[in-house]
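Student: Got a minute to go through this model with me? I'd like the overall fold, then a few single residues.

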Amino acid sequence: AYQECLAAAEQIMELVRGGCRYRDVSVVCADLGSYRPMVELAFHRCGIPVYLSGTEDILQKSVIHTVLTALDAALSGFEQRETLRYLRSPLSPLSMDTCDLVENYVITWGIRGNMFLKTWDKNPDGPGKEMNEHRQAVLDRLNDARELAIAPLEQLSIRFKDARNMQQQIQALTDFLDQIGLAGRLEALEKQ
């Protein structure tokens, strides 16, 4: 870890020699708690001013959590656990009430893999129950929710697997975030 900090310091020194200002440089690490003493030591030895902030775990942030769970769901082949984690993520396109309905249906009928991609036709109240108008309305709502949440994941999965390079993977992820309207939901959260 200390060698990584020294390498970062050397990179910063090279940027500064090229005309960059220290305040224009940011260094991001996943575990600042472990790296903090080594960053401070390495940067001090190189004469680099250091301002440390953001000591929160970035992986616990809503956006990062949503992105990671979406990737897990899409790239796992829609395994039940990973897909439900995405649907429960703070910025998934489903409301919590709708997510509860979907989760109950998925668990009741053992939905996993490609079953997420097909129209659901089983009784939402479980086996042995007679289908009626109310249950059909609930099933229609479930299929609308499935389409809203799973269709973008399916596109992400296809495009990510077909990508030939990192740029195409990043574009697939960016398009997914646009498709689920992440920016709009973040703005709505900010206003609350």
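Tutor: Here is the overall layout, followed by the core and some individual residues.

Tutor: First, the ground rules. This is a predicted model, where local features need pLDDT of at least 70, side-chain atom pairs count only at pLDDT 80 or more, and totals for chains, interfaces and linings use all residues. Residues are numbered from 1 along each chain as its sequence is written, and side-chain values use heavy atoms, with hydrogens and water left out.

Student: How many helices and strands are there?

Tutor: Eight helices and zero strands. Along the sequence the pattern reads α-α-α-α-α-α-α-α. Helices (H or I, at least four residues) and strands (E, at least two) are DSSP runs, numbered from the N terminus.

Student: What's the radius of gyration?

Tutor: 23 Å, whereas a compact globule of 192 residues would have one near 16 Å. The radius is taken over C-alpha atoms, and the globule rule is 2.2 Å times the number of residues to the power 0.38. The C-alpha atoms fill a box of roughly 75 × 35 × 30 Å along the principal axes.

Student: How much of the protein is buried?

Tutor: 33% of the 192 residues. Buried means under 20% relative accessible area, exposed over 50%, and partly exposed in between (1.4 Å probe, protein chains only).

Student: And what share of contacts comes from residues 24 or more positions apart?

Tutor: 54% of the contacts with a separation of 6 or more. A contact means heavy atoms within 4.5 Å.

Student: Now the core. Which residues touch the most other members?

Tutor: Tyr86, Leu87, Val102, Trp120, Leu153, Leu156 and Phe176, in a largest nonpolar core of 33 residues. Such a core is a set of buried Ala, Val, Leu, Ile, Met, Phe, Trp, Tyr and Cys residues joined through side-chain atoms within 4.5 Å.

Student: Which helices supply at least two residues of this core?

Tutor: α3 (62-75), α4 (80-88), α5 (96-109), α6 (133-162) and α7 (166-179) each do. α6 gives the most, with nine residues. Another core lies apart from this one, with eight residues, among them Ala9, Val39, Ala42 and Ile48.

Student: Back to Trp120. What is it in contact with?

Tutor: Leaving aside neighbours within four places in sequence, Trp120 contacts Val102, Tyr105, Val106, Ile111, Met115, Leu139, Leu142, Asn143 and Arg146.

Student: Where is Phe160 found?

Tutor: In helix α6. Phe160 is buried, at 18% relative accessible area. Not counting residues up to four places away in sequence, Phe160 touches Leu71, Leu75, Gln169 and Ala172. Phe160 and Ala74 are 86 residues apart in sequence, yet 8.8 Å apart in space, C-alpha to C-alpha.

Student: What about the backbone of Phe78?

Tutor: Phe78 has a positive phi of about 65°, although it is not a glycine. Most residues other than glycine have a negative phi. Phe78 lies in the loop between α3 and α4. The relative accessible area of Phe78 is 4%, so this residue counts as buried.

Student: Switching to acids. Is Asp72 buried or partly exposed?

Tutor: Partly exposed, with a relative accessible area of 34%. Asp72 sits in helix α3 and touches Glu82 and Arg85, not counting residues up to four places away in sequence. Asp72 and Arg85 are 13 residues apart in sequence and 8.9 Å apart in space, C-alpha to C-alpha.

Student: And where is the place of Asp175?

Tutor: In helix α7. Asp175 counts as partly exposed, at 26% relative accessibility.
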